[in-house]
Amino acid sequence: MDRQTFREDLIGWFENEMRDLPWRKDQDPYKVWVSEIMLQQTRVDTVIPYFTRFLDKFPTIEALATADEDKVLKAWEGLGYYSRVRNLQSAVKEVHEKYNGKVPDQPEAISSLKGVGPYTAGAILSIAYGKPEPAVDGNVMRVLSRILLIWEDIAKTSSRKTFESAVRSLISHENPSYFNQALMELGALICTPTSPSCLLCPVREHCQAFNTGMQNELPVKSKKKKQRSVEMVAVVLRNDKNQLLIRKRPETGLLANLWEFPNTEVGLEFRSEKEQFEDYFKEKYQVEATLDDMVGRIEHVFSHLIWNIHVFTGQLKGPIQESSKLKLVTLEEIEQYAFPVSHQKILKEVVGKI
């Protein structure tokens, strides 16, 4: 492969075909950072309105560093993988305090920030600061596995080093920003996981997979482990003032610090699902609750887990002690709290039935 011609063909295509995306308006490292965190495990079309709203609320490092976490989570509500935004805010606080609000431009410093892995570090350094650092994600590994005929399993963490080394050998030192973005764009638009559009590809002359008819065999990617399925009961409980009971999830773990309706895992027992929940609730909160008939079922899929949620409405049969993690709220007040998607669906399911 003639590396110089490859770079010219790739970057020339990107200059003509790049999508008009809001984080490409300038090379502000903060905006690049936010966009890259949002784009992890989320489609571009989904991210665009979130990115715009998030930057309206938190336009600067200082604004995000000093923001209330509940407001930050609310702005992220619906994007999922909430540890991303908690890590982002934590890292932004460090940048605000330790680096006077300037995102570090050195690999060691930026990689030490919470939630900034090799890909994010490389993306910020190359796109915002013009440094020839690799930014290797799934798109880039797929593209390079075909272009360079690399048969390593891209699902294995150990394979990343091979692809980072490949990028270092190919990257444009004159325009690393466009080079890395072009590889990502090529993977998103042309060199797709299935049925790649090889005839539209600007670098097919350089592609060893295309030249040997192997483009549909690559990349090698082993399958993930099967997800565990969990049966759950979630209940929208109201008191005699028609307020709804919500609680805050733990500070660590899955969906940390988000709000939810009371729920518990249920099993195959002689007791019904209703009885299992009512016993759980009384033991946990020392207050009785009675459940109405089930109003719906919701399936929510995580990468490692599937929640099968049986949704009920019900009534609190006594006063409950509110706290910072347990609140009674009206339907209007509930809008202020950040809920995971599954519990947003639960609310939609029961509005009009309570």
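In the predicted model described here, Phe277 and Phe281 both belong to helix H13, which spans residues 273-285, and the two are set four residues apart, about one turn of the helix. The centres of their rings are separated by 5.8 Å and the ring planes meet at 20°, so the pair of Phe277 and Phe281 is classed as stacked, given that planes under 30 degrees apart count as such. Both members of this pair are buried: Phe277 has a relative accessible area of 0%, and Phe281 likewise stands at 0% relative accessibility. The two phenylalanines are joined by Tyr280 and Tyr285 in one aromatic cluster, and the structure as a whole counts 11 aromatic pairs.

An aromatic ring also takes part in a contact with a charged side chain, in that Arg53 lies over the face of Tyr50 at a distance of 4.9 Å from the ring centre.

Turning to the cysteines, the structure contains zero disulfides. For Cys201, the closest cysteine sulfur is that of Cys191, and the separation of 6.4 Å is too far for a bond, because a disulfide requires the two sulfur atoms to be within 2.5 Å. Cys207 is likewise in no disulfide, its nearest cysteine sulfur being that of Cys198, which is 6.4 Å away. Cys201 is nonetheless buried, with a relative accessible area of 12%, and Cys207, at 8% relative accessibility, also counts as buried, since the limit for that class is under 20%.

Note on methods. Residues are numbered from 1 along each chain as its sequence is written. This is a predicted model: local features need pLDDT of at least 70, side-chain atom pairs count only at pLDDT 80 or more; totals for chains, interfaces and linings use all residues. Side-chain values use heavy atoms; hydrogens and water are left out. Rings of Phe, Tyr and Trp (its six-membered ring) pair if their centres lie within 6.5 Å; planes under 30 degrees apart count as stacked, over 60 as edge-to-face and the rest as tilted. Buried means under 20% relative accessible area, exposed over 50%, partly exposed in between (1.4 Å probe, protein chains only). A charge sits over a ring if NZ of Lys or CZ of Arg is within 6 Å of the ring centre and within 35 degrees of the ring normal.
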